[in-house]
Amino acid sequence: MQNTKKYTTWESLPDTLTAQHIADFLGISRRRVYELFQVNVKDGGIPNFKIGATKRVDKADLKHWITLKKEEQLHA
C-alpha cells in the first residue's frame with residue numbers, strides 16, 4: 001500500500017523530514033529538494049544531515065530556511 005498522505009501544514013509535518021515530506025509541503029519535485037540538499041547552506045541550500053545513506057532535515061531548520069528565503073526576496 002502506497003503512502004499518499006500529503007503534508008500541507010506545519011502541524012502535519014513530522015519533526016524530522018525526508019525529501020518527500022519537503023517536496024509535498026513546498027509543492028516542488030523531490031529531485032529539486034535533493035538538488036537543494038547539494039547546495040551549500042551559505043549559498044541557499046536546505047540544511048540537512050545524513051542517517052546512513054539517507055538525508056533528513058529538522059522541521060525547525062526548514063522553517064528557518066523558508067524565513068531566510070522570504071527575507072532575501074524582500075531585500076532583493
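## Packing of helix 1

The buried residues of helix 1 pack against strand 1, helix 2, strand 3 (54-58) and helix 3 (59-74). In this predicted model, the buried positions of helix 1 are Ala19, His21, Ile22, Ala23 and Asp24. Helix 1 itself covers residues 19-26.

Thr18 sits just outside, in the loop between strand 1 and helix 1. Apart from neighbours within four places in sequence, Thr18 is in contact with Lys55 and Arg56. From the C-alpha of Thr18 to that of Ile51 is 11 Å, with the two positions 33 residues apart along the sequence counted as their separation.

## Helix 1 against helix 2

Two packed helices are described by the angle between their axes and the distance between the axes. For helix 1 and helix 2, the axes come within 8 Å and cross at roughly 115 degrees. An angle of 65 to 115 degrees counts as roughly perpendicular, and helix 1 and helix 2 are therefore described as roughly perpendicular to each other. The crossing of helix 1 past helix 2 is right-handed.

On the helix 1 side, the contact is made by Ala19, Gln20, Ile22 and Ala23. On the helix 2 side, Arg30, Val33, Tyr34 and Phe37 take part. Ala19, Ile22 and Ala23 are also among the buried residues of helix 1.

## The turn after helix 1

Gly27 follows helix 1 and has a positive phi, near 70 degrees. Gly27 belongs to the loop between helix 1 and helix 2. With a relative accessible area of 63%, Gly27 is exposed. The C-alpha atoms of Gly27 and Tyr7 are separated by 9.7 Å, and the two residues are 20 apart along the chain.

## Aromatic pairs

A pair of aromatic rings is described by the distance of the centres and the angle of the planes. The model has two aromatic pairs. One of them joins Trp10 and Phe25, with 4.9 Å centre to centre and 50 degrees between the planes, which is a tilted arrangement. Trp10 lies in the segment before strand 1 (16-17) and Phe25 lies in helix 1, so the pair ties together parts that are 15 residues apart in sequence. Trp10 is partly exposed, at 21% relative accessibility.

Tyr34 and Phe37 make an edge-to-face pair, with centres 5.6 Å apart and planes at 90 degrees. Both residues belong to helix 2 (residues 30-38), where a spacing of three residues separates them by about one helical turn. Tyr34 is partly exposed, with a relative accessible area of 38%, whereas Phe37 is buried at 5% relative accessibility. Tyr34 and Phe37 also belong to the helix 2 side of the contact with helix 1.

## A lysine over Trp10

Trp10 has a further partner besides Phe25: Lys63 lies over the face of Trp10, at 5.2 Å from the ring centre.

## Glu72 in helix 3

Glu72 is a residue of helix 3. At 45% relative accessibility, Glu72 is partly exposed. Glu72 and Gly44 are 28 residues apart in sequence, while their C-alpha atoms are 9.9 Å apart in space.

Definitions and conventions. Residues are numbered from 1 along each chain as its sequence is written. This is a predicted model: local features need pLDDT of at least 70, side-chain atom pairs count only at pLDDT 80 or more; totals for chains, interfaces and linings use all residues. Side-chain values use heavy atoms; hydrogens and water are left out. Rings of Phe, Tyr and Trp (its six-membered ring) pair if their centres lie within 6.5 Å; planes under 30 degrees apart count as stacked, over 60 as edge-to-face and the rest as tilted. Helices (H or I, at least four residues) and strands (E, at least two) are DSSP runs, numbered from the N terminus. Buried means under 20% relative accessible area, exposed over 50%, partly exposed in between (1.4 Å probe, protein chains only). A charge sits over a ring if NZ of Lys or CZ of Arg is within 6 Å of the ring centre and within 35 degrees of the ring normal. Axes are lines fitted to C-alpha atoms, for helices over the stretch in contact, and angles run from 0 to 180 degrees between N-to-C directions. Angles under 35 degrees count as roughly parallel, over 145 as roughly antiparallel, 65 to 115 as roughly perpendicular and the rest as oblique. A crossing is left-handed if the near helix is turned anticlockwise from the far one by less than a right angle, and right-handed if clockwise. Contact means heavy atoms within 4.5 Å.
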